[in-house]
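Welcome! Let us look at this structure together and ask why each feature gets the name it has.

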Amino acid sequence: MGGDRGPAAVVAGMAEALSRLPDLAFLLHGRPADLEPLLAKRPELAAVTTLFPATDVVTMEDKPSQVMRHGQATSMWSAIDAVKEGHAGAAVSCGNTGALMAVSMLRLRKLPGINRPAIACLWPNRGPQGFAVMLDVGADVKAEAPDLLAYALMGASYARNGLGLKRPRVGLLNVGSEDHKGRAEVREAQDLLVAATESGGFDYVGFVEGSDLPSGRVDVVVTDGFTGNIALKTGEGTAKFVGEMLSETFRSTLLSKLGALLAMGALGRLRKRIDPRRVNGGVFLGLNGTVVKSHGSADATGVAAAIELARRLAATDFTARLKARVASAGVAGQDAAEAAGANPVADIKDGRPE
């Protein structure tokens, strides 16, 4: 209910996803007066959709703290509770990101060993899969070394279950590739990642820079939420800018229009490759349940992409696998820290700071 385009875009996205994945079933949360007419126009969708009435809506202007205190009657709260109670395998929302994370943490709770949950997105690159996982892209603006280790473990698990990579390559985003560069917590995190490669089931390739993001050098990019969010918004803005410039250039003269006609197939493939809607959906990692955050401005194509991602993760029992991987690899990270004369994860118990 809370997306920029309203419930019409969500219902259209559900129908688009159902056309490609006929085994889907939906729990739709919101105001019946708004949703029932939309479903009535799509009988095939209505047949696999159960409507959960919710009187209130979380707006983009609502503060997360306010929603946590007074949001029990909202569609967002209802959707997260459906995951908590086991009625749904995953939740998808186009609403307020801060409120969605707050409600998800409140209702689903953090996994043991996770201090800060992360938002992971898919970043287009030149690798064989066509995408890399990047996290965190905005759940928390800061991250200490143990948090970056947890992000690496969660990102590697996501790459295995979401992209089908047996042993993902993990890189730590930094201002340079040299070992002496970067903030202290980033250099400390590198030691923890090296120690956790075997138990975490990934290969650590070292520090990576911004220019490596589209190169295909890594399958998982680890960074703090402040840096990751800026990188994500910059990438999306650049893709839009390139698309607009190409369009203007090919329409500028008669010869360029002829060239565009001859290159129509190649241009179509390029447009599809850089279309942010294809990779719409940031996954909240580190919670006892799967939550996918769609862009608030997503259209039907973007909503369908987020739904399909949620379905793929739910089908692999992703949360249970992630929980087991974090638990086993966290021991290796703690052993490495203690060997170095520190114990950065000793103050975490069951995901809560002591």
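A residue is called buried under 20% relative accessible area, exposed over 50%, and partly exposed in between. Keep in mind that this is a predicted model.

Q: Why is R20 called partly exposed?
A: R20 has 45% relative accessibility. Partly exposed covers the range between under 20% and over 50%, so R20 counts as partly exposed.

Q: What makes E308 buried?
A: The relative accessible area of E308 is 19%. Buried means under 20%, so E308 is buried.

Q: How do you know that E308 and R20 form a salt bridge?
A: Their closest N and O atoms are 2.6 Å apart. A salt bridge needs a side-chain nitrogen of Lys or Arg within 4 Å of a carboxyl oxygen of Asp or Glu, so the pair of E308 and R20 qualifies.

Q: What makes this a link between distant parts of the chain?
A: E308 sits in helix α13 (residues 300-315) and R20 in helix α1 (residues 7-20), and the two are 288 residues apart.

Q: Which residues are joined with R20 and E308 into one network?
A: E16 joins them, through salt bridges that share partners.

Q: Why is α1 called oblique to α13?
A: Their axes cross at roughly 55 degrees. Angles under 35 degrees count as roughly parallel, over 145 as roughly antiparallel, and 65 to 115 as roughly perpendicular, with the rest oblique. The crossing angle falls in none of the named ranges, so α1 is oblique to α13.

Q: How do you know where α1 and α13 meet?
A: Contact means heavy atoms within 4.5 Å. On the α1 side the meeting residues include A9, V10, G13 and A17, and on the α13 side they include A300, V303, A304 and I307. The salt-bridge partners R20 and E308 are also among them. The axes come within 7 Å, and the crossing is right-handed.

Q: Why does the pair K181 and E178 count as a salt bridge?
A: The closest N and O atoms are 3.4 Å apart. The cut-off is within 4 Å, so K181 and E178 make a salt bridge. Both partners are partly exposed: K181 has 32% relative accessibility, and E178 has 33%.

Q: What about R183 and E185: how do their side chains meet?
A: They meet in a salt bridge, at 2.7 Å from N to O. R183 is partly exposed, with a relative accessible area of 43%. A search of the whole structure finds 14 salt bridges.

Q: What makes β3 and β7 the edge strands of the sheet?
A: The open sheet has eight strands in the order β3-β10-β9-β4-β5-β8-β6-β7, with mixed pairing. β3 (91-93) and β7 (203-208) each pair on one side only, and this makes them the edges. From one strand to the next the twist averages 25 degrees.

Q: How do you know that β4 and β9 pair?
A: Two strands pair if there are at least two bridges between them. β4 (residues 118-124) and β9 (residues 282-285) have three bridges, in the antiparallel sense, so they count as paired. A118 has L285 in β9 as its bridge partner.

Q: Which strands does helix α8 touch as it packs on the sheet?
A: Helix α8 (residues 184-195) touches β6 (169-173) and β7, and its direction makes about 165 degrees with that of β7. Angles over 145 count as roughly antiparallel, so α8 runs roughly antiparallel to β7.

Definitions and conventions. Residues numbered from 1 in each chain as written. Predicted model: local features only at pLDDT ≥ 70, side-chain atom pairs only at ≥ 80, totals over all residues. Heavy atoms only, no water. Helix = DSSP H or I, 4+ residues; strand = E, 2+ residues; numbered from the N terminus. Axes fitted to C-alpha atoms, helices over the stretch in contact; angles between N-to-C directions. Buried < 20%, exposed > 50% of the residue type's maximum accessible area, 1.4 Å probe, protein only. Left-handed = near helix turned anticlockwise from the far one by under 90°.
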